[in-house]
Amino acid sequence: MFTKKKSLWLFLLPGLAGLMVFYLVPFIGGIYYSLTDGTIQNNIVGFANYQRIWQNEVFRLGLKNSLELSLISAPLIFVLSFLLSVMLRSLGRASLPFRNILLMPYLVPTSAMLIVWTLLFDYGGIINRLSVWLGAGRVLWLESHMLRVPVVLLYVWKNIGFSIIIFSAALQSVPEEFYEFARLEGAGAWKQETRITLPLILPTAFLVFVLAWVNAFKIFKEVYFIGGAYPNEAVYTLQHYMNNKFAMLDYQDVTTAAYSFAVIVLVLFGILYARKGVRGVE
Amino acid sequence: MRNKYLLRGIVFLFLLTLLPFAAMAEASASPNEDIKVLSESQTGYSSIRSAAVLGDTVYVLNPEGIYSWLSGQAAFTLAASHNQLEQLSLPEEERKPTISILLSDGQQLWGMDGSNARLFTLDISGGELVFGEPVSLQMQDRTQTYETDAGVEHSYMDMPEQALLMNGQLYCLFNNYQNNTQNRTLMSYDIATGEAASYDSEFITGIAAYKDGKLLVSVRDEDNSYDPATSAFVPTALGVFDPQSDTIEEIGTFADLNAGNMGMGMTIKYEKDKDAVLYLIGNGVVRRLPDGTEEKCAYLPTREFWGGTGDKMPLLPDGRVALCVGDTMHVRSTNPADLPATSLVIYGGEENNAHKAALQNMPDVSVTALQNKWFSSAQELGQALVSGEDGIDILFIETGWMDVANLLVKGYAADLSASPVFQEHMDKLYPQMKEVGMQDGKILALPVRLNIESMSLNSKAFAKLGMPLPATYGEVCQSVKTFYEEHAQEGEYNINMQTGSGWLKDLLLSTYTDYMAYKGEEMTLDTPLFRQMAEALASVNTQLMDDDEVDFSNNEDMNEFFQRPTLFTQGYSFDLQSYEYFLNRPDGNDMSAPDMFFGMKADQDAPPVVKGSAVVMIINSQSKNMDAALRYAENYIKGLDALSKVTFYPGENEPIINPDHERVVANFSQQLAAMKVALEKAEGAEKTEMEATIKQMEENFAQYNEYGKFLASTAAIAAYRQLMENSYIATYKTNMLMSQQDLSELRERYFGGQLSLDQFIQESDAKLRLIRLENQ
Amino acid sequence: MSNWEATRYRPGSRKWVRGLSGVLLVLISIVILLPIVLTFLYSFFPVKEMEGYLKTRNNFDDKQWMDVLLSPAMVSLRQYYSLLIEKPVYLRLFVNSVRYTSAILLGQALLIPAMAYALSCFKFRGRDTLFFLVLMLMLLPFQVTMAPSVLTMRTLGLMNTVWAVILPMVVSPFYIFLVRQYMVTIPQEMLEAGLMDGAGTVRTFLHIVLPISKPILGAACALSFADSWNMVEQPLIYLGNARDKLPLSVMFNDLSTQEMGVAFASAALYILPALLMYTYFQEDILLGIQLSDMK
């Protein structure tokens, strides 16, 4: 650990400057916008926007959906990628091709996949054939609230590879000796994983969870192309709300919604972050 | 001593008082003037056809003769009369040569007879035209021929787009539209022998006399002027053309100020003393200096430079240019210091009478239209206004397609309540129009145009088929069904101007939307009324309609289509001027034209609703030229023509006489007379064809004489008022069912049979609900 | 060489665990690959056949099923031809995408590791706050700063320039976070070893930290490539009307709605560079995933 080194600034400054200009300044500037009334004169109206937005049921719908979708998707990715990384590790060298395949979806631009997705989930498509075979009958995947399923699946499909890589890297860092020791003590496979692996890779786990959450929001683009600007109520997310408001020149609503959301996220992660084990460094 | 100083004091004071007069004298000699040609006779229009400069004088040619103007004069004087129309009624031997183009070689005037390919000198020193010995030009390869339906072949001589005299040669630049190309051909003819010379140099779009026997040319391949890869136009090049070697030496390019200037050719001029090139763009003249930099140097209040051949931009010895449009010659200084100090940028709008009236009262302000920018949504427009990058001062927007109300609420429009002119205008409007422009009791937008859409049909055709006239949507569906059941096989009538079934489907939505909007109710499809209407549509076999679709790009099919009377005439919107004509046209004429206009009823109990779309004028609240913008707007409102006023002031009910009526009638008579003279000499097939043409002309003439008298007759106005009684102005919100993207897709799927009615209603309503709640 | 060759897998794993894992992974791989394979497969179908097939979508008749197309009536390369040769627009956009991606990757290579190094290996006042800030900024989706960013860009005069798209991505907080989390696991001894040998912070950075971080840098490179290749919102907002500067990702959306027949071919062409990029760098990425020996 270096302390009191002047060369710190050499490393810190460019990135810091960029962050300030392109992220922090707009972020703070946006707060100002959220306090104005949206007309070109930018009159300050204080918290009136926040009040109005929170009373708007469509905003709340968007918020609810955003949170729900990401809270479904993130743990799903977390669990699946953990399991898959464990499986991969047990295969050793043979796991290479699998890992390549699993990473491919991330590199493939999703907008290119949309058509195939709409084909698969079409009312007369393959997934429905499967569904009928399993006895569940046809489902309106793309038109009803079941749209959540293709959306979540698309998300998981895309991001599983990435999380697996991270987990794999972490899993490797667990020294062999620990497992040897545990086996000698008579612990079974499951006990080994939960009692040894998980706690040791907690920082990484945190990382994966965070990344899963972050990427859950980037799914907006794809939902927009399948469902349009006003899709089924089950997938109308906060970003739809913000996007539509932007189109209607209601910049104050966009920023108000954005900051309400930012506050929620901050609080949630502030809590997580405060728990020391997660940060990973003194 | 006191006397000496007193004397000096008096002289000084005297000189002082002279100063203002001197200043005024300076000011009064404004470098920019507009001179109109006044027409003596009643028959022709006084449009200037061609212009040329000889010494200090500008000579212009119009159908009545040659007029001259010397700097300092207030008006043109008739230099020599030469009424070309009158000539036509004389026997051929007595006719004097026709002058199509007036030219000058710096020493004397020349005239070119386009139709007979002759060139001759003109002498007007004696107040009468004296023609020199005509030289026949070898223009055979510019002869164009065409065949009429009767099988008669006609030929005519191609007229050059630009022409100039230099070094004993007449250089002509011809366009080749009949060969489907935008590129031009350069030819030259020896003025002594008429011998032609053609050149291989290609892509020349404009010519000007240069020096050393060479021409300045503008060059661009107009057929490939747009580069889709860069989404921009290829810049036009400037070159020097040497006729001896038939080569072009490129010396630079023009800035793309006119963004394309497609197909219109470049009007260029060489300025010797500055070694610069002047060229015409949109509504101004730009000077390109030898180093390649360009400066705007003259402003013109109009972009309409269509007509005129020969020298399109005569250059006076004092450095000014004289540009002719219609019957006016605009003389402008090319000194950038003389450009108007203030400028206004307008988005949308058109050069109509109100606009011209506004410009006339504001010669000190240059008004330009925003080029090549098209805002497809309020979002784009709002961003442009906020960023101020286009410097838009005034906007004309259609209320149906852009969310004007939103723009007003957001404060993008300036408050116009203070002006009494605007107050008066708003108070005189139909209440529903006034509403569109008001926000919180303030005037923020001025409605300046109103078009209405109503249902129209050919009632005589209905009567002939024994079908009742429909009034509701259900009845329209019934008419379609009856038609296909009983009359379609005969193939003698068309059901609608718009073939296929699209119109009927659109009518369902538009009638319903109109009804809901008129009632002021929130849009929802889940009503018994909508279901009833949708079921009426479902009961019609639309496949039959689609099978009858006509491809209008095929001339034969199109002609066949128009031989038959049409029942529903939806291609026509209500037009005051043609109302009487439609009502009274003879049987067999214009069988696809309506004679009955009315609003559609959604069902028996509903009112007949007519939809109006309005265009409003808004002044950007961030405009840097607020005063000039306000002046423009006020002049615009004051300059609204009578026809517009009738359409949106319910209080204006005086019939409007067509000011051109008398003149056109006189013109018509003269033309008929000339044709009759020609008829006597014709023979055979040509004679029959001419007879048919004359008969048609006489019929048209009679019609025009009777019904062309009014731009808006009493009956027309009354019918219009009737329609307006149940009307509403379409806004972005009311048009949403048709224009919003998600909803349009649903509609497509429903009409494509992929959704059931219930699903369609359910999903549309879900989206409508989302949209509505989002905006609370 | 690959450390996978060394016995990094669990020597005691029972065979059945490995067998089961293998079977499951094969199944999962098939499912994962299915969409991609289908896209490439369908890109070889002739335009008309594809259009006809796509028209059978959205049919709510319970008695009808969409066909499961597995082989074309005729293998057709026409779509590729028309995309690549007839409309040179595609190539130009491709070049644009390449330029953006390389510029972004280059910029990131310069800035991100340095920033992560500062946040992980230095101790200074406010470091944790700064890190928290980075974390927070990373969590916010683009829409949050969309509207005010436009204003910032305009003030800086960067609107409608390529820099508006490149610069924010170069300092993306996400990658700072990622690399930092990795660098944090570098043992203290390594850093101190360098110090004892007389190297300064810069030397330590270049000769110790960076080589060790190869794994995550490789991963970050691949991920960043995917992100940049894929970005849609930023170009749309910042570039607006400057159509000649748009990257391929944006135009792809336009293309696909207009010409359904060539949609798959354009999708395939769009995916291909990403896949090739991945195969080329695969070695590096995989090589780097595992921790290297510290001694």
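**Exercise 1. Decide whether B:Asp246 is buried, partly exposed or exposed in this predicted model, and do the same for B:Asn180.**

Solution. Begin with B:Asp246, which has 13 other C-beta atoms within 10 Å and is therefore partly exposed, since a residue is called exposed at 12 or fewer such neighbours and buried at 20 or more. Its place in the chain is the loop between strand S21 (237–242) and strand S22 (247–253) of chain B. The backbone of B:Asp246 has a phi near 55 degrees, which is a positive value in a residue other than glycine.

Now turn to B:Asn180, which counts as exposed because it has 7 C-beta neighbours inside 10 Å. B:Asn180 is found in the loop between strand S14 (169–174) and strand S15 (185–190) of chain B, and its phi, near 60 degrees, is again a positive value in a residue other than glycine.

**Exercise 2. Describe chain B as a whole: its secondary structure, its extent, its burial and its domains.**

Solution. Counting the elements first, chain B holds 22 helices and 43 strands. The C-alpha trace of chain B, taken along its principal axes, spans about 95 × 90 × 55 Å. Of the 776 residues in chain B, 35% are buried. Next consider the contacts in chain B between residues at least 6 apart in sequence, of which 63% join residues at least 24 apart.

The last step is the division into domains, which gives domain 1 (1–30), domain 2 (33–138 + 157–339) and domain 3 (659–707) of chain B. The centres of domain 2 and domain 3 of chain B, taken over C-alpha atoms, are separated by 33 Å.

**Exercise 3. Describe how chain A is met by chain B and by chain C, and which elements contribute.**

Solution. Take chain B first: 21 of its residues are in contact with 17 residues of chain A. On the chain B side, the elements that give two or more residues are helix H4 (378–387), helix H21 (741–751) and helix H22 (757–774) of chain B. The largest share of that side, 6 residues, comes from H22(B). By class, the residues of the side of chain B that touches chain A are 7 nonpolar, 9 polar and 5 charged.

For chain C, 95 residues are in contact with 83 residues of chain A. Helix H1 (residues 15–42) of chain C gives the most to this side, with 13 residues. The side of chain C that touches chain A consists of 64 nonpolar, 24 polar and 7 charged residues.

**Exercise 4. Find out how helices H4 and H11 of chain C pack against each other, and how far helix H5 of chain A is covered.**

Solution. In chain C, the axes of helix H4 (residues 89–121) and helix H11 (residues 214–230) come within 9 Å and cross at roughly 145 degrees. The crossing in which H4(C) passes H11(C) is right-handed. From H4(C) the residues involved include C:Tyr100, C:Ile104 and C:Leu105, and from H11(C) they include C:Leu217, C:Phe225 and C:Trp229. The contact of H4(C) with H11(C) brings together 8 nonpolar and 5 polar residues, with no charged ones.

In chain A, helix H5 (residues 110–120) is mostly covered, with 9 of its 11 residues buried. Among these buried residues of H5(A) are A:Met113, A:Ile115, A:Trp117 and A:Leu120.

**Exercise 5. Set out where confidence is lowest and highest in chain A and in chain C, and judge how to read the low stretches.**

Solution. The scores for the model are ipTM 0.79 and pTM 0.79. Chain A has an average pLDDT of 79, and 91% of its residues score at least 70. Within chain A, confidence is lowest in helix H14 (residues 276–279), at a mean of 50, and highest in helix H2 (residues 48–55), at 88.

Chain C has a mean pLDDT of 75, and 79% of its residues reach 70 or more. Within chain C, confidence is lowest in helix H13 (residues 248–258), at a mean of 57, and highest in helix H7 (residues 163–170), at 88. Over residues 1–9 of chain C, pLDDT stays under 50, and the model has 11 contacts beyond four places in sequence for them. Residues 288–295 of chain C also stay under 50, with 19 such contacts. Predicted coordinates should not be read in detail where pLDDT is low.

Terms used: Residues are numbered from 1 along each chain as its sequence is written. Chains are lettered from A and ligands numbered from 1 in the order in which they are written. This is a predicted model: local features need pLDDT of at least 70, side-chain atom pairs count only at pLDDT 80 or more; totals for chains, interfaces and linings use all residues. Helices (H or I, at least four residues) and strands (E, at least two) are DSSP runs, numbered from the N terminus. Two residues are in contact if their C-beta atoms, placed from the backbone, lie within 7 Å. Ala, Val, Leu, Ile, Met, Phe, Trp, Tyr, Cys and Pro count as nonpolar, Asp, Glu, Lys and Arg as charged, and the others, Gly among them, as polar. Axes are lines fitted to C-alpha atoms, for helices over the stretch in contact, and angles run from 0 to 180 degrees between N-to-C directions. A crossing is left-handed if the near helix is turned anticlockwise from the far one by less than a right angle, and right-handed if clockwise. Domain bounds come from an automatic or database domain assignment. pLDDT is the predictor's confidence in each residue, from 0 to 100.
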